[in-house]
Amino acid sequence: NILQVMNGLDIFIQSSSYGEGFPNVVAESMACGTPCVTTNVGDSKHIVSNTGWIVPIINSEELAKSILHAMNEKESNQSSWIERKNRARDRIVGNFTLKKMIKEYELVWSEGIIKF
């Protein structure tokens, strides 16, 4: 049950070094209001934007620093943490829903950019 798992996490961490396109698990965690620390692979940076932390690939020191930063924010500033959680969820709801994806495809097709 992804909803139960993601809602049980304080922070979601993805440390991929290659091979990601659109990492659904990042969007799934954000949809549950779980902020993310992720490496800059695939569309991770686009998905997370300013709601979490993006670190360079194959850089364990930066990954560790970002995880500690996230943990410190959660522990020391509850209002900021709640705001971050809400921004993460709002980013997914506002940009990555199935309804939005269908609308975007229809727009592309109606403009004749892609012809079949």
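**A predicted fold, from its surface to its salt bridges**

Leu 98 is exposed, with a relative accessible area of 56%. That puts Leu 98 past the 50% mark above which a residue counts as exposed. The model described here is a predicted one. Leu 98 sits in helix 6, which covers residues 98-110. Leu 98 also has company out there: together with Met 101, Ile 102, Tyr 105 and Trp 109 it makes up a nonpolar patch on the surface, about 520 Å² in area.

Now for the overall layout. The protein has six helices and three strands. Walking along the sequence, the pattern reads α-β-α-β-α-β-α-α-α. The C-alpha trace spans about 50 × 30 × 25 Å along its principal axes. Of the 116 residues in the protein, 32% are buried.

Next comes the way two of the helices pack. Two packed helices are described by the angle between their axes and the distance between the axes. For helix 2 (residues 24-31) and helix 5 (residues 78-95), the angle is about 120° and the axes are 7 Å apart. Angles from 65 to 115 degrees count as roughly perpendicular and those over 145 as roughly antiparallel, so helix 2 and helix 5 end up oblique to each other. As for handedness, helix 2 and helix 5 make a left-handed crossing.

The loops have a few things to show as well. Ser 49 is not a glycine, yet it has a positive phi of about 50°. Ser 49 belongs to the loop that runs between helix 3 (44-48) and strand 3 (53-55). With a relative accessible area of 36%, Ser 49 is partly exposed. Ile 58 is another non-glycine residue with a positive phi, again about 50°. The loop holding Ile 58 lies between strand 3 and helix 4 (60-76). Ile 58 has a relative accessible area of 72%, so it counts as exposed. From Ile 58 to Asn 40 there are 18 residues in sequence, and their C-alpha atoms are 9.7 Å apart in space.

Ile 11 is a loop residue too, placed between helix 1 (2-7) and strand 1 (12-14). Is Ile 11 buried or exposed? Its relative accessibility is 16%, and because the limit for buried is under 20%, Ile 11 counts as buried. Ile 11 and Ser 79 are 68 residues apart along the sequence, with 16 Å between their C-alpha atoms.

That leaves the charged side chains. The structure holds six salt bridges. One of them pairs Glu 73 with Arg 84, whose closest N and O atoms are 2.8 Å apart. Glu 73 is part of helix 4 and Arg 84 part of helix 5, so this pair ties together parts of the protein that are 11 residues apart in sequence. Glu 73 and Arg 84 are both buried.

Another salt bridge joins Glu 75 to Lys 74, with 3.7 Å between the closest N and O atoms. The two partners differ in how they are covered: Glu 75 is exposed, at 64% relative accessible area, whereas Lys 74 is buried, at 17%. This pair is also part of something wider, as Asp 10, Lys 74 and Glu 75 are linked in a network of salt bridges.

Helix 6, the home of Leu 98, comes back into view with a salt bridge between the side chains of Glu 104 and Lys 100, at 3.6 Å from N to O. How far apart are Glu 104 and Lys 100 in helix 6? They are four residues apart, which means that about one helical turn separates them. Glu 104 is partly exposed, with a relative accessible area of 40%. Lys 100 is partly exposed as well, at 30%.

Notes: Residues numbered from 1 in each chain as written. Predicted model: local features only at pLDDT ≥ 70, side-chain atom pairs only at ≥ 80, totals over all residues. Heavy atoms only, no water. Patch = residues over 30% accessible without salt bridge, like charges linked within 9 Å, V, L, I, M, F, W, Y side chains within 5 Å. Areas by Shrake-Rupley, 256 points an atom, 1.4 Å probe, with all protein chains shown as cover. Salt bridge = Lys/Arg side-chain N within 4 Å of Asp/Glu carboxyl O. Helix = DSSP H or I, 4+ residues; strand = E, 2+ residues; numbered from the N terminus. Buried < 20%, exposed > 50% of the residue type's maximum accessible area, 1.4 Å probe, protein only. Axes fitted to C-alpha atoms, helices over the stretch in contact; angles between N-to-C directions. Parallel < 35°, antiparallel > 145°, perpendicular 65-115°, else oblique. Left-handed = near helix turned anticlockwise from the far one by under 90°.
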